[in-house]
Amino acid sequence: MFTEKQVQVQGTVKKGFEVVKEIFENSFKNGEELSAQVCVYHKGEKVVDLWASSVDPSYSGDSIQTIWSSTKNLTAIAMAMMVDRGLLSYSDHVAQHWPQFGQKGKEQLTVADVLRHEGGLPFFSQQMDIEDSWPENICNNGVGSIIETEELNFPDENSRREYHAITRGFILQEIFRRVEPAGRTIGQFLREEICEPLDATVFLGLNEDKQKEMKIADVTALGEKEVEEAAQSAGREDVLKQLRRFREHLGETEGKRPDHKEAWKNAGPTGTMGFWNGVLARRAEIPSAGGLACARGLAAVASMMSLGGQVGEKIFLTQSGWKEMHTAPTEGETFGMRTFYTQGGVNHYQDGCKDEGAVPVLGSGGDLHYGQLVPCGMYGWGGYGGSLFLWDPSKEVGFVYIPTFLAWYDREKQRGTRLLRAAVFKCL
């Protein structure tokens, strides 16, 4: 990594967006990428659709890969559609729809609390079986029974917000399947109600036969020592600085959750790529982190959200349903970065930059995070290692960037934010 590579960037770019391609290509030339995709929609039109790989000749714009916490946006959209259909309210107590949840102090928790990462369940004390999250097994309540007996565990600070990296999606899954009239899981609902109508190659839970049919790119991450040695060998002081900042950060951040045990039994360390690249994890519905998608598929969803929940004559969310999802952003802190999660569970990037020349607002401790580099006013979230899945309703922009190389040490998500800032600040 981090040494110069020559690649051929594939795909299409509308006139006026060429700078996005240049920046994307430079990330490969600088040795910061293995395989990656970026896709941008503007006013419902696909204006950027690019991909490249320095390691896999078969990699294409249709290749799918794990998108990590960008999955959380998909889960939030599915929940918003339940609210929009009158099956749920954000202010509802979770126990109203799932009575067994209402014990061990959890009686007053609301759906919005969970969506805002304020549910007091940032990790489970008991480990799960990965098989219990396979779509055909979810209704057996294996995961639900664990959640029901968990006790609340809020952070010591004044805020109740603590990132629910894995757990948020599992709690929402149990609520969702109890209110969805056909008893569908989040993954099943997303395929039938959103992804298929949009012709979007996006999955949450992919059976083994389908896995064999699809081109799925493995994700890759280096350990701390490997990053350090590769950066030193390449003379990349910028990467070494990122790594030092990561090590100096005392709180939790992406890739650093010291107090949390492994989520699953007999699955190996959750953070290892062997687990996430494996058949068992890809088969499971992990609604906070396990989505599989290509950038063009995910960007079609982002575009739909940027257009207010409607594409052509197809209404995914009514105007009121879209507005309710994006309402009431509340301030808190996530990974040392100020976050403004709406009641619908997506971040409103209020600390972002208003233009290319704006001086970014620093987070606590004087750190710069990706949320301060994102154009102000966007919604959505990103994923471990660098992915971004965002939309801007004022500019009608949907943006997605997905890498296979996980730069967990880069808290600014520079590869993605460079592309995003170019698309919004230079091309529109």
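Biologist: Which residues of helix α7 are buried?

Modeller: In this predicted model, the buried residues of α7 are Ile-186, Gly-187, Phe-189, Leu-190, Arg-191, Glu-193, Ile-194, Cys-195 and Leu-198. The word buried is used for a relative accessible area under 20%.

Biologist: What do the buried residues of α7 pack against?

Modeller: They pack against α2 (71–84), α6 (167–179) and α13 (295–306), and also against the strands β5 (202–203) and β7 (310–311).

Biologist: How do you know that the distance between the ends of α7 agrees with the expected span?

Modeller: The helix covers residues 186–198, which is 13 residues. The expected span is 1.5 Å times one less than the number of residues, so α7 should span 18 Å. Its end C-alpha atoms are 17 Å apart, and the two values therefore agree.

Biologist: Where does α7 bend, and what follows the helix?

Modeller: The bend is about 35° and is located at Glu-192. After the helix comes Asp-199, with a positive phi near 55°.

Biologist: Why is His-348 called buried?

Modeller: Its relative accessibility is 15%. The cut-off for buried is under 20%, so His-348 counts as buried. His-348 belongs to strand β11 (residues 347–348). Leaving aside residues up to four places away in sequence, His-348 touches Pro-329, Phe-340, Thr-342, Gly-377, Met-378 and Tyr-379.

Biologist: Which residues have the most contacts inside the largest nonpolar core?

Modeller: They are Trp-264, Met-325 and Tyr-409, in a core of 92 residues. Helix α2 gives the largest share of this core, nine residues. Beyond four places in sequence, Met-325 has contacts that include Ala-76, Ile-77, Ala-80, Tyr-90 and Trp-391. There is also a second, separate core of 37 residues, with Val-7, Val-40, Trp-381 and Val-397 among them.

Biologist: What makes β4 and β5 edge strands?

Modeller: The open sheet has three strands in the order β4-β6-β5, paired in the antiparallel sense. Each of β4 (65–66) and β5 has a single partner strand, so one side of each has no neighbour in the sheet.

Biologist: How do you know that β4 and β6 count as paired?

Modeller: Two strands pair if there are at least two bridges between them. Between β4 and β6 (residues 292–293) there are two bridges, in the antiparallel sense, so the pair satisfies the criterion. In this pairing, Thr-66 stands opposite Leu-292 of β6.

Biologist: Why is Glu-396 called partly exposed, whereas Lys-43 is called exposed?

Modeller: Partly exposed covers the range between under 20% and over 50%. Glu-396 has a relative accessibility of 25%, so it is partly exposed. Lys-43 has a relative accessible area of 53%, and therefore it is exposed. Both lie in loops: Glu-396 between β13 (388–392) and β14 (397–403), and Lys-43 between β2 (35–42) and β3 (45–53).

Biologist: What does Glu-396 touch, not counting residues up to four places away in sequence?

Modeller: Glu-396 touches Tyr-41, His-42, Lys-43, Ser-306 and Leu-307.

Biologist: What makes the phi values of Glu-396 and Lys-43 worth mentioning?

Modeller: Most residues other than glycine have a negative phi. Glu-396 is not a glycine, yet its phi is positive, about 55°. Lys-43, also a residue other than glycine, has a positive phi near 55°.

Terms used. Residues are numbered from 1 along each chain as its sequence is written. This is a predicted model: local features need pLDDT of at least 70, side-chain atom pairs count only at pLDDT 80 or more; totals for chains, interfaces and linings use all residues. Side-chain values use heavy atoms; hydrogens and water are left out. Helices (H or I, at least four residues) and strands (E, at least two) are DSSP runs, numbered from the N terminus. Buried means under 20% relative accessible area, exposed over 50%, partly exposed in between (1.4 Å probe, protein chains only). Contact means heavy atoms within 4.5 Å. The bend at a residue is the angle between axes fitted to the seven residues ending there and the seven starting there. A nonpolar core is a set of buried Ala, Val, Leu, Ile, Met, Phe, Trp, Tyr and Cys residues joined through side-chain atoms within 4.5 Å.
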